[in-house]
Amino acid sequence: MMLAGVQVLDKDAVQYRSQDAPDAPASQDGGSGSATPPAPPSSTPAQSLARVPSRGPVDMNFTNVTCTVKLGINKGYKQILHGVNGRLRPRQLVAIMGPSGAGKSTLLDVLSGYRITGVGGAVYINGRGRNMKRFKKMSCYIQQDDRLQGLLTVGENMALAADLKLPTSQDVYEKGEITEEILTNLGLYEHMNTRASQLSGGQRKRLSIALELINNPLIMFLDEPTTGLDSSSCASVVQLCRRLAHQGRTIVCTVHQPSASLFALFDHVYILAAGQCLYQGSTANLVPYLELAGVPCPIYHNPADYVIELACGEYGEDKIQVLTNKAENGKALDWFDDTDIPNMEALRKEYPLSFLKEQDGDHGEEETPQSNQTKVLIKRGFLKAKRDATMTHLRLMVNVVVGIMLGSLFINAGNEGSRVLENYNLLFAILMHHMMSPMMLTILTFPSEMSILSKEHFNRWYSLGSYYISITLVDLPISFVSCAVFSVIVYTMSSQPLDVIRFSQFFAISIYTVLVAQSFGLMIGAAFNVVNGTFLGPTLSVPMMMFAGFGVTLRDLPPYLYWGSYISYLRYGLEGYIGAIYGRNRPTLDCNEEKYCHYRYPAKFLAEVAMSPDMFWFDIMALTITVVILRVAAFLLLKWKLNAVR
Ligand SMILES: Nc1ncnc2c1ncn2[C@@H]1O[C@H](COP(=O)(O)OP(=O)(O)OP(=O)(O)O)[C@@H](O)[C@H]1O
């Protein structure tokens, strides 16, 4: 089989020969013209995985696939894919190529089942219409950005993924054997103890593949696995994909503009231009195809470069139309390597329904039960929390520092009758602290978690419910400790009444405020990106402050705005604090610093701020209801967001 400047002698051992000097040693060129396969880097996988897919291979066919997106209110729609067709044969490494904006990622999103909105046409698996539930069990999608747990080492990432993706009946040794084998073959074994955030681009890409290989998928979709990598890492990743494909998997990647040597590693190419198919067939047949279509690839030109130039319209828009017609928008199967491609009926006979029975199995959406998912996710959460400089260490430090600062600023204000208003300001400042720090931390950090969640959830690692329970439980002890440290510091430094019940009430209100603020942050973080969230979080908190009864007392609120005080969780917080500090029949305060202490009698102060001293349980109940409502709303938003992005 001949490519311009590249001769593919064998499927698994690609050799290259310069066209002008057939027997001359190959030159080192990764770009156009004659090419040499890049020398495998030391970390290149040396052999294939022993674990080959146990289930039958997958023959995928798609017809008249369209994808339309809404551009915005009153801006109409844009059609990205224009009725493309294609066939993805098993044991092949397929490259989807095309210029930027041609629709490669969109096609991959549609084929992997990731994109569902605005999609038309049909996808068939082994001759039958695709059943998404079944398809997801046999496939995985690795997005362009490596969505890895950066705080965990390679080994931890793999072990936790194995716990989530392999049946619970397999013991730790069996799982260990599988992960060891994958890591060894992907050249990552020696990096077992390196944190994912410290891996190189190529290693991160291989780790992304390794994680998905754990449950041995039959079809793997990879969006631009070579982008951002140097030529040796590119070759390493593509060679790995090639080996995995030849073991019985179908591997589909989008690639930008591969060098000639990299291009030759693919078995099959699918070329897109402006959402239409220009060519579909074996890599080796591309040059003869172009020749027959009347647009021959110039000698010494990398066919991959040339076809992208054609697809960009550099040789005229008419050439795109000629090629689209010749490829019948992907319907033509004449340029495949295999001569007898079975039709749908033959495929159905080859893969009878009884095949599906075995594939369907009796387990649910994910590989392991929800209880196991939650357990593993909690374990992962604590491991991350232990190492997380922002969410744990900085948060604890901020609580200590702010506690000391507030304590120093309002030192001894709690017992002094002349400083009651000062103490009132302190209580409000404490509320602000408990509102702002957990809310902003969540708004700033959750969107990056969201991308990992979206990948792992789509690839069936766990259910959203298990994930949600785990993040709720993992955060509780951290919130509890931070809040307790802060409360002890500020309470004692500002000389609040040393009474166990009063402190318990003060602490209970504090922790509830933290939980509400965090849930509010989660809601915003789930629905918005960091920029919008950072703007919306504090902005939406302003009305909460207005209605808290601080500045304008609850009595002075205009009747038509009084409803606001019922929805403001800060109102319940402030009321709870004031009840804890000045309620419960607190005796007369000291009056040592001034001659006259206006609020020496706590009842006078309570009457002034129009707050009842005995509302603790009511406040706790209101805060509990708020937490529950916000948590449920955040869950529903998360669920909506996971589907809306698709
Ligand atoms: N949600 C969307 N809303 C509007 N336009 C979109 C949307 N998604 C994709 N597009 C547009 O559709 C076209 C194809 O996008 P796609 O990401 O599939 O291209 P691509 O071939 O993968 O490009 P690249 O190689 O640069 O990643 C682009 O012009 C893109 O701007």
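Student: Why are α14 and α16 called roughly parallel to each other?

Tutor: The model is a predicted one, and the description rests on the helix axes. The axes of α14 (residues 389–409) and α16 cross at roughly 15 degrees. Angles under 35 degrees count as roughly parallel, and α14 and α16 are therefore described in that way. The two axes come within 8 Å, and α14 passes α16 in a right-handed crossing.

Student: Which residues of α14 meet residues in α16?

Tutor: Those of α14 include Thr392, Arg395, Leu396, Asn399, Val400, Gly403, Ile404 and Gly407. On the side of α16 the residues are Ile478, Ser482, Val485, Phe486, Ile489, Val490 and Met493. By class, this contact has eleven nonpolar, six polar and one charged residues.

Student: What makes α16 oblique to α17?

Tutor: Helix α16 (residues 464–493) and helix α17 (residues 500–527) pack at an angle of about 135 degrees. Roughly antiparallel requires an angle over 145 degrees, and roughly perpendicular covers 65 to 115. The value falls in neither class, so α16 is oblique to α17. Their axes are 10 Å apart, and the crossing is right-handed.

Student: How many nonpolar, polar and charged residues does the contact of α16 with α17 have?

Tutor: There are ten nonpolar, four polar and one charged residues. Among the residues of α16 in this contact are Asp475, Phe480, Cys483, Ala484 and Tyr491. Helix α17 contributes, among others, Phe503, Phe506, Phe507, Ile511, Val514 and Leu515.

Student: Why is α3 called oblique to α4?

Tutor: Helix α3 (residues 154–165) and helix α4 (residues 172–185) pack at an angle of about 130 degrees. That value lies outside the range 65 to 115 and is not over 145, which makes α3 oblique to α4. The axes are 10 Å apart, and the crossing of α3 and α4 is right-handed. The contact is made by Val154, Met158, Ala159, Ala162 and Asp163 of α3 with Lys175, Ile178, Thr179 and Leu183 of α4. These divide into six nonpolar, one polar and two charged residues.

Student: What is the order of the four strands that form an open sheet, and which are the edge strands?

Tutor: The order is β4-β3-β6-β7, with antiparallel pairing. Strands β4 (76–88) and β7 (128–129) each pair on one side only, and they are the edge strands.

Student: How do you know that β3 and β6 pair?

Tutor: Pairing requires at least two bridges. Strand β3 (residues 60–72) and strand β6 (residues 119–125) have six bridges and pair in the antiparallel sense. Within this pair, cysteine 67 stands opposite valine 119 in β6. Nine bridges join β3 to β4, again with antiparallel strands, and methionine 60 stands opposite leucine 88 in β4. The hairpin of β3 and β4 has three residues between the strands, and asparagine 74 takes a positive phi near 60 degrees there.

Student: Why do β8 and β12 stand at the edges?

Tutor: They belong to an open sheet of six strands in the order β8-β9-β10-β5-β11-β12, with mixed pairing. Strands β8 (139–142) and β12 (276–282) each have a single partner strand, so one side of each lacks a neighbour in the sheet. Direction ignored, neighbouring strands of this sheet are turned by 15 degrees against each other on average.

Student: What joins strand β5 to strand β10?

Tutor: Five bridges join β5 (residues 93–97) to β10 (residues 250–255), and the strands run parallel. The bridge partner of valine 94 in β10 is valine 252. Helix α1 packs on this sheet, touching β5, β8, β9 (219–222), β10 and β11 (268–273), and its direction makes about 155 degrees with that of β10. Helix α10 (residues 317–326) lies across β11 and β12, running at about 55 degrees to β12.

Student: Which element gives the largest share of the shell around the ligand?

Tutor: Helix α1 does, with three residues. The elements giving two or more residues to this shell are β3, β4 and α1. Of the 13 residues around the ligand, Ser100, Gly101, Lys104, Ser105 and Thr106 come nearest. By class, the residues of the shell are four nonpolar, seven polar and two charged.

Conventions:
Residues numbered from 1 in each chain as written. Predicted model: local features only at pLDDT ≥ 70, side-chain atom pairs only at ≥ 80, totals over all residues. Axes fitted to C-alpha atoms, helices over the stretch in contact; angles between N-to-C directions. Left-handed = near helix turned anticlockwise from the far one by under 90°. Contact = placed C-beta atoms within 7 Å. Nonpolar A, V, L, I, M, F, W, Y, C, P; charged D, E, K, R; others polar. Near = placed C-beta within 6 Å.
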